[in-house]
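The following paragraphs lead through selected features of one structure. Please keep the sequence at hand while reading.

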Amino acid sequence: MSLSQDILFEAQPYLIANEKHPFVQGIIKGELSPEQLRYYDKQDIAFEYNEVAVINALINNSTTTDQALLFHKRQDMQLHMLDDWLKREPESMPHDWESLKQTTIQPINQLYRQHMASTIQTHSVLQILPSFAAGEWMYVELGKFVATQTRVKEEPFQSFLSMSGDDFLGPKGYIQQFFDIIDHEAESATPREQEQAKQTFLKSCLLEWYFWDAAYKLITWDDWKKNALGGKGGVTL
Ligand SMILES: Cc1ncc(CO)c(N)n1
């Protein structure tokens, strides 16, 4: 079994848990409040900017020119997507550089961003790529899942999880190419390095669930503070 097959097998329970999460169910049914959507929006733009740094590291540490070109193409898409996102200015939340820079990175987002960024210092595509590819894979799979459900047609729900299309799917799509790169790099890696890469992927899948959960419950550092300083022994956030 290739490393990517092994990873995907172990990632299945995480995918099912993400499908069941009330935020994902809320996208399908159109049952999320403006506050929940705004929280997600703000945190996710900041998350995607962090991905720019991770993709840069993938370009820097590519072991072939083809890899570098693929990551470069993905980076181009990322920056265009962010540019389009920032141009949308709903009344509830202006999307511009200044307000984005002032957005507080909330606890789970910080944990996830740092989980991904911490792989950069390995200078290894095998260690960096799974941290990023997991979220891509999760969103594409969730997109396929919501497409099988009777989902509401109204915006913003309809456009949610629509990260599919030819760019990501099929044998030449990003997802398969990322897994091919992981398998190629695994060939010259030790079992321990392969295990580390797998655990990195699975941790990203877990943090995907917590990312929905934080948006669903609107969890902030203030909640963490109140919980810690409230003198009631704390509850699980
Ligand atoms: C948290 C998160 N994970 C993955 C994606 C897909 O890029 C996203 N937009 N946000």
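In this predicted model, His 184 counts as partly exposed because 17 C-beta neighbours lie inside 10 Å, whereas a buried residue would need 20 or more and an exposed one 12 or fewer. His 184 belongs to helix α9. Along the chain, 161 residues separate His 184 from Phe 23, and 36 Å lies between the C-alpha atoms of the two.

Helix α9, spanning residues 174–186, is also one of the elements against which the buried residues of α1 pack; the others are α2 (22–29), α7 and α10. The residues of α1 that are buried are Leu 3, Ser 4, Ile 7, Ala 11, Tyr 14 and Asn 18. Helix α1 itself comprises 18 residues, from 3 to 20. From its first C-alpha to its last, α1 reaches 27 Å, close to the 26 Å expected at 1.5 Å a residue. Ala 11, one of the buried residues, also marks a kink of about 40° in α1, shortly before the proline Pro 13.

The ligand offers a second point of orientation. Around the ligand stand Asp 44, Phe 47, Glu 48, Gly 135, Glu 136, Tyr 139, Glu 208 and Phe 211. Two or more residues of this shell come from each of the helices α3 (34–61), α7 (125–147) and α10 (191–217). Sorted by class, the shell holds four charged, three nonpolar and one polar residue. Helices α7 and α10 thus appear in both settings: they contribute to the shell around the ligand, and the buried residues of α1 pack against them.

Conventions
Residues numbered from 1 in each chain as written. Predicted model: local features only at pLDDT ≥ 70, side-chain atom pairs only at ≥ 80, totals over all residues. Near = placed C-beta within 6 Å. Helix = DSSP H or I, 4+ residues; strand = E, 2+ residues; numbered from the N terminus. Nonpolar A, V, L, I, M, F, W, Y, C, P; charged D, E, K, R; others polar. Expected span 1.5 Å × (residues − 1). Bend = angle between axes of the 7 residues up to and from the residue. Contact = placed C-beta atoms within 7 Å.
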